[in-house]
Amino acid sequence: MNRSTKFLNDIFVYAIGNLGSKLITFLLVPLYTYFISPDDFGYYDVVLTLTFLAMGFITFQLRDGTFRFLLDNEDEHTRKSVVSFSYKLLSQSSLVVLIAGIVLSFFCDIRDWGWIIAFVIVLSLYEVEIQIVRGLGQNKQFVFAGIFTAFQIGVYSLIFVAWLQMGIAGIFCSNILARIVSMLVIEFRAQVFKRYFIVGFKDKALNRALLKYSLPLLPNAICWWLLGSSSRLFIEHFLGLEANGIFAVSMKFSTILETFSVIVYQAWQETAIKQYEAPDRAKFFSKIFNAYTFILTVLALVFVFALKFNYFWLVDERYADSLQYLYPMSISVICFALASFYDLGYQCSKQTVRNLPGVVVTTVLNLLMNYLFIRLWDIWGIVLSSILSYLFMLGVRMFDTRKFFPVKLSWEIIYPILFLAGGAVMFYRVDSMVWQIIYVIAVVVLAYWVQPRSIKMEIHTWLQKVLPGRLCR
């Protein structure tokens, strides 16, 4: 199996898990909007945003470090050391969070405080465990975990949110219970804890190397959190929880598009690390980046127009205003995904510290633009700030990672830009659904036609292997 085929196979495997779980998440959005008010949903979104920030401190970013160190180390000594150290560190940090949460509950009256503490701890443990499973090469277990967890959240949400009318407490309960059950099932199937965890096992040199890789990712994660999530705090402060609830619905839908970028990122993470020492890595990485830009752009256009055609029944009328933000937020996702592509340069070389200056500067610019733009254009200002921030990050990383893998852009890169410009006109200025459908079809056909023959042949060959032969003839 050549590396391109392996990359496409990995995308297919991760797609099964991510799309299955995100489809359930997608279906839950209408459920939540019908049973939970915009104010409550806005509060839940703020809590969820802060939870992802807290998770980085609890895990010390070991969710990234464990995967990186396990992926290219197959000896039992390394695996036992990484797994044992990770579990012991997580148990200690979780205990600290639990005690701190109990103490604070006596001094602070925070809504759903108990649920929030439990959610933070369980989510942290779950995220590290599934990355350990992935790092051990058990991708099927990783995919199963995503689908099984999402399925449980859907079932439990019907019980706790729709039937028992528990509100956002029902959402927390569903997420906590689903992940606890999933961790137990994963351990039963993969037996990671049983095989690799040893209380007294230590390798100080390896543990230091793991922390040296992971800890610089913590400020990096904080900056990424600020880039992607601080907007909710600005909206809540300047515009109120109801506005944040409307914005949150748009974010939930754009997250579906972001899922595709996550699928490619996960597959690319494995391929890039393993191909980093290849003599033609610059040429190979350039080919992948150019094809990725095309595919991501076309998918974004299909996605936003499909949502526009069906938005009237997907969400309650109280959230109808969120439709107008979908198109620019899809552009923001594209910029984020392309910037993330270059993140592998720092991971492949294990020079995660080098990533910090660019992320910090981008974050400062984003916070400044959020503060200024929301006063001028409300939610539109937040969306514009997001696009400009990710574009700046993309430019910085394209320049900074040239020593790792210089990516050469093909002249056809102008097409995705033209596609998006035309799509904006069709989305906001053309009311005819027929013309909008014609435009999307034309974009799909043109994007395929201008792709290099080598890429089309590789995709065609891969489809013949994955799908029934008759479908590809």
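The following exchange concerns helix packing and salt bridges in a predicted model.

Colleague: What makes α12 roughly antiparallel to α13?

Modeller: The axes of α12 (residues 281–314) and α13 (residues 326–341) cross at roughly 160 degrees. Angles over 145 degrees count as roughly antiparallel, and therefore α12 is described in that way relative to α13. Their axes come within 10 Å, and the crossing is right-handed.

Colleague: Which residues make the contact between α12 and α13?

Modeller: On α12 they include F285, F289, Y292, L296 and L301; on α13, Y327, I334, L338 and F341 are among them. By class, this contact has 16 nonpolar, 3 polar and no charged residues.

Colleague: Why is α12 called roughly antiparallel to α18?

Modeller: Helix α18 spans residues 433–450 and packs against α12 at an angle of about 165 degrees. The cut-off for roughly antiparallel is over 145 degrees, so α12 meets this description with respect to α18. The two axes lie 10 Å apart, and α12 passes α18 in a left-handed crossing.

Colleague: How do the residues of the contact of α12 with α18 divide by class, and which residues are involved?

Modeller: Among them are F294, V298, F305 and K308 of α12, together with M433, Q436, V440 and V444 of α18. The division is 13 nonpolar, 1 polar and 1 charged.

Colleague: How do you know that R397 and D343 meet in a salt bridge?

Modeller: Their side chains are 3.5 Å apart, N to O, and a salt bridge requires the nitrogen to be within 4 Å of the carboxyl oxygen. The pair therefore satisfies the criterion. Both R397 and D343 are buried.

Colleague: What does the pair of R354 and D400 tie together, and why is it called a salt bridge?

Modeller: The N to O distance between R354 and D400 is 3.0 Å; the limit is 4 Å, so the pair qualifies. R354 lies in the loop between α14 and α15 (356–377), whereas D400 is in helix α16, so the salt bridge ties together parts that are 46 residues apart in sequence. The structure holds 2 salt bridges.

Colleague: Why is R354 called partly exposed, and what makes D400 buried?

Modeller: R354 has a relative accessibility of 33%. Partly exposed covers the range between the cut-offs of 20% and 50%, so R354 counts as partly exposed. D400 has a relative accessible area of 18%; buried means under 20%, and D400 is therefore buried.

Definitions and conventions. Residues are numbered from 1 along each chain as its sequence is written. This is a predicted model: local features need pLDDT of at least 70, side-chain atom pairs count only at pLDDT 80 or more; totals for chains, interfaces and linings use all residues. Side-chain values use heavy atoms; hydrogens and water are left out. Axes are lines fitted to C-alpha atoms, for helices over the stretch in contact, and angles run from 0 to 180 degrees between N-to-C directions. Helices (H or I, at least four residues) and strands (E, at least two) are DSSP runs, numbered from the N terminus. Angles under 35 degrees count as roughly parallel, over 145 as roughly antiparallel, 65 to 115 as roughly perpendicular and the rest as oblique. A crossing is left-handed if the near helix is turned anticlockwise from the far one by less than a right angle, and right-handed if clockwise. Contact means heavy atoms within 4.5 Å. Ala, Val, Leu, Ile, Met, Phe, Trp, Tyr, Cys and Pro count as nonpolar, Asp, Glu, Lys and Arg as charged, and the others, Gly among them, as polar. Buried means under 20% relative accessible area, exposed over 50%, partly exposed in between (1.4 Å probe, protein chains only).
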